[in-house]
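Here are some friendly notes to read with the model open beside you. Take the points one at a time and look for each element as it comes up.

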Amino acid sequence: MHVYVNGTIMPAEKASVSVLDHGFLYGIGLFETVRVYQRRLFLWDDHYARLSSGLLALRIKAPWTAEELADAILRTADANGLEDAYVRLSVTAGPEGVGLAADGYARPSLFIFAKEVPPLAEPPRPKKLQTLSVPRQTAEGHQRFKSHNYLNNALARLELGAQPDVEGLFLTRDGYVAEGIVSNLFWVTNGRLYTPSTDTGILDGVTRRHVLNLARRLGIPAEEGWYRPDALVQADEVFVTNSVQEIVPVSEIDGRPVPAPYGEHTRALRRAYRESVASGG
């Protein structure tokens, strides 16, 4: 694998980050997972807007424009011989030394990784949801960032173990449904689409927002709120979303089968998603 490091593309084994970087020392940094389809960045404006909002809040002064970052992503994909790719763009706070910074960060570092994406199965292979014992932590600031501080998710992955067909389900400390380890959660009951509110501490996923927009286009009523696990038990359809896997149906929750593991609303949204990929958004 070749990676992009501050303007240079190099073999991954030769890339490095300073031990004085606050991304390493304190987890101060942000990342975006971006899908590239046939050398086109999907939903790039949304990814860039979220990244920019996070950088502003963390007072990381990024010198790159949206166009420069998009070009760097495509250069990295090209260096790995990929027209379709799963790309991780990471911005760290930079080498500020030991001790927290009081005035923000003026020397951030940029890293970009590109990996091959396995072909999407059709019909998609359903996931199983398994409720985690570790709760979803609340946002550490006024909002939840897609940050390098990923310990909550890492602990959840260790609890779940190596089960590729299973996604862990976070609940809040008060027992409300939150999100998956690497996904946002949706379900359909009596023709209405539901998803937890961002007030629960979940990440406001770019794919999550895109699915809500697709639902509006299709005339599917949607609701965001606070829900107990019983809402999932009563659902007709359940699915999870992320930028890499798109829309994935759920077949069971804690061993309890979902009535329609790939029901009509999930199929309609997945079709609309694939059409939006073909049209560029």
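1. A word on terms comes before the tour: helices (H or I, at least four residues) and strands (E, at least two) are DSSP runs, numbered from the N terminus. Counted in this way, the chain has seven helices and 15 strands. Please keep in mind that this is a predicted model.

2. Next, the overall form. For 281 residues, a compact globule would have a radius of gyration near 19 Å, and the chain agrees because its own value is 19 Å. Along the principal axes, the C-alpha trace spans about 55 × 40 × 35 Å.

3. Now find the open sheet. In which order do its six strands lie? Reading across, you meet β2-β1-β6-β5-β3-β4, with antiparallel pairing. At the edges sit β2 (8-11) and β4 (40-41), each of which pairs on one side only. As a reminder, strands of a sheet pair through backbone hydrogen bonds, either parallel or antiparallel.

4. For a closer look at one pair, try β1 (residues 2-5) and β2, which are joined in the antiparallel sense over four bridges. Within this pair, Tyr4 stands opposite Ile9 of β2.

5. Two helices deserve your attention here. Helix α2 packs on the sheet, where it touches β3, β4 and β5 (85-92), and its direction makes about 175 degrees with that of β3. Helix α3 (residues 66-79) lies across β1, β2, β3, β4, β5 and β6 (109-115), and runs at about 45 degrees to β6.

6. Two loops have backbone details worth checking. In the loop between β4 and α2 you will find Leu43, whose phi is near 55 degrees, a positive value in a residue other than glycine. In the loop between β6 and β7 (127-131) is Pro123; the peptide bond leading to Pro123 from Glu122 is cis, with omega near 0 degrees.

7. Finally, visit the second largest pocket, which has a volume of about 370 Å³. Which residues lie nearest its centre? They are Ala139, Gln143, Arg144, Thr198 and Ile202, out of 28 that line the pocket. By class, this lining has eight nonpolar, ten polar and ten charged residues. Both β3 (29-37) and α2 (44-57) supply at least two lining residues each, and the largest share, four residues, comes from α2. So you meet α2 twice on this tour: α2 packs on the sheet, and α2 also contributes to the pocket lining.

Terms used: Residues numbered from 1 in each chain as written. Predicted model: local features only at pLDDT ≥ 70, side-chain atom pairs only at ≥ 80, totals over all residues. Heavy atoms only, no water. 1 Å grid on protein atoms, 1.4 Å probe; cavity = no way out; pocket = protein on both sides within 12 Å on 5 of 7 lines; lining within 4 Å. Points joined across faces, edges and corners; volume = space filled by probe spheres on them. Nonpolar A, V, L, I, M, F, W, Y, C, P; charged D, E, K, R; others polar. Pairing = 2+ DSSP bridges. Contact = heavy atoms within 4.5 Å. Axes fitted to C-alpha atoms, helices over the stretch in contact; angles between N-to-C directions. Rg over C-alpha atoms; globule rule 2.2 N^0.38 Å.
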